Amino acid sequence: MPELPELEIFKQYVDSTSLHQNIETIEVKNGKVLGGISASELKRGLEGRRFESTRRHGKHLFVELGDGEWLLLHFGMTGSLKYYKDADEEPTHARVLISFGNGYHLAFDDQRMFGKVDLIEDPDGYVEKQQLGLDPLDVDFTAFRQRLEGRRGEIKATLMNQRVFAGIGNIYSDEILFQVRLHPRTTVGRLDEGALHDLHEQTGRVLRVAIERGTSPGGLPESFLLPHRQEGADCPRNNGKIQKTKAAGRTAYYCPTCQPRI
DNA sequence: AGTACCACCTGACGGC
DNA sequence: TGCCGTCAGGTGGTAC
């Protein structure tokens, strides 16, 4: 699930459940999700401390520990968080368990283990080192256009390129392109000023609506593609049937009538 | 710079 | 019921 909207919801979830409590124990149930650190280093870094605040950049969540240390969470394809009390509520694929002084636990759950848990010293430095692009909720039109100028690739690949903008993945790129009526393989260079303007506006709107309404397709507006994102489903604008194609190595869903190939 | 393909993992689903 | 291929909302590496 985890693209920018889910990450923002994870951030709010940590903010409302897990801040300012003593971290008593860390249990690493599967070390594959650990980044550059060992289980004992993670324990040493977290136990006896508290989560002070959170930051999000694209699909990365940073949790401040104080003294210049931050917990870094990346959720891969299947990562999520669960805050719970009783052991029988532990999620099925819990990989790291954080237990607080109040008897509650925060689980980093990740079936496929493409996610990462790590300790870093500086979120800004991390973003720079990873060469992550701007978070699309932070960009005004000027910066947005500037970022796309001179690009020669296809629009879906470009939107999903984390070095261009950080946070958009396969699902939300489909939604954004449906809203602006662009075929996923449209070349960026073909977009005129008006199309870029529209793209900027709808990118922000789609992501904000998903954050506000929750990210399950059922909670999204009927005018969105996502509740209809399967081959042969009806286009939300009643312009025919949804089709799938390949773009940027992923499956892209689109309406061939609303989003003609140009 | 951009694209295609593979790998990393586990599990769900459809076809036979 | 069981086996098998395919596919899944991410990312990093490789080859072209």
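This note goes through two sheets, the helices on them, one salt bridge, a cavity, a pocket and a loop residue in a predicted model.

1. The sheet with strand 1. Four strands make up an open sheet, in the order 1-6-7-5, and their pairing is antiparallel. Strand 1 (23-28) and strand 5 (79-84) are its edge strands, each pairing on one side only. On average, neighbouring strands here are turned by 15° against each other, direction ignored.

2. Strands 5 and 7. Strand 5 is joined to strand 7 (residues 105-110) by six bridges, and the two run antiparallel. To find this pairing in the viewer, start at Ser 80, whose bridge partner in strand 7 is Asp 109. Helix 1 (residues 4-17) packs on this sheet and touches both strand 5 and strand 7. The direction of helix 1 makes about 20° with that of strand 5.

3. The sheet with strand 2. A second group of four strands forms an open sheet in the order 2-3-4-8, again with antiparallel pairing. Strand 2 and strand 8 (116-120) stand at the edges with a single partner strand each, so one side of each has no neighbour in the sheet. Neighbouring strands of this sheet are turned by 25° against each other on average, direction ignored.

4. Strands 2 and 3. Strand 2 and strand 3 (residues 60-66) run antiparallel and are joined by five bridges. One pair to look at is His 57 with its bridge partner in strand 3, His 60.

5. Helices on both sheets. Which strands does helix 1 lie across in the sheet of order 2-3-4-8? Helix 1 lies across strand 2 and strand 3, running at about 175° to strand 2. Helix 1 also packs on the sheet that holds strand 5 and strand 7. Helix 2 (residues 39-46) likewise has contacts to report. Helix 2 lies across strand 1 and strand 6 (94-100), and its direction is at about 165° to strand 1. On the sheet with strand 2, helix 2 touches strand 3, strand 4 and strand 8, and its direction makes about 55° with that of strand 8.

6. Salt bridges. The count of salt bridges comes to 13. One of them joins the side chains of Arg 56 and Asp 135, at 2.6 Å from N to O. Arg 56 lies in strand 2 (residues 53-57) and Asp 135 in the loop between helix 3 (123-129) and helix 4 (141-148), so the pair ties together parts that are 79 residues apart in sequence. As a general point, side chains of opposite charge can pair when their charged atoms come close.

7. The cavity. How many cavities of 30 Å³ or more does the structure hold? There is one, and the space in the largest cavity is about 30 Å³. Its lining consists of Leu 71, Leu 73, Leu 81, Ile 98, Leu 106, Ala 107 and Phe 108. Strand 4 (69-74) and strand 7 are the elements that give two or more residues to this lining. Strand 7 gives the most, with three residues. By class, the lining of the largest cavity has seven nonpolar residues, no polar and no charged.

8. The pocket. The largest pocket has a volume of about 590 Å³. The lining of the largest pocket holds 25 residues, and those nearest its centre are Pro 2, Glu 3, Gly 169, Asn 170 and Arg 250. Helix 6 (170-179) and strand 10 (250-254) each supply at least two residues of this lining. What is the make-up of the lining by class? The residues divide into eleven nonpolar, nine polar and five charged.

9. Gln 230. This residue sits in the loop between helix 7 (193-213) and strand 9 (243-247). Leaving out residues up to four places away in sequence, Gln 230 touches Ile 242 and Tyr 253. From Gln 230 to Ala 252 the separation is 22 residues in sequence and 9.8 Å in space, C-alpha to C-alpha.

Technical notes:
Residues are numbered from 1 along each chain as its sequence is written. Chains are lettered from A and ligands numbered from 1 in the order in which they are written. This is a predicted model: local features need pLDDT of at least 70, side-chain atom pairs count only at pLDDT 80 or more; totals for chains, interfaces and linings use all residues. Side-chain values use heavy atoms; hydrogens and water are left out. On a 1 Å grid over the protein atoms alone, a cavity is a set of points where a 1.4 Å probe fits but cannot get out, and a pocket is an open set with protein on both sides within 12 Å along at least five of seven lines; lining residues have an atom within 4 Å of a point. Grid points are joined across faces, edges and corners, and a volume is the space filled by probe spheres set on the points. Ala, Val, Leu, Ile, Met, Phe, Trp, Tyr, Cys and Pro count as nonpolar, Asp, Glu, Lys and Arg as charged, and the others, Gly among them, as polar. Two strands pair if DSSP finds at least two bridges between them. Axes are lines fitted to C-alpha atoms, for helices over the stretch in contact, and angles run from 0 to 180 degrees between N-to-C directions. Contact means heavy atoms within 4.5 Å. A salt bridge is a side-chain nitrogen of Lys or Arg within 4 Å of a carboxyl oxygen of Asp or Glu.
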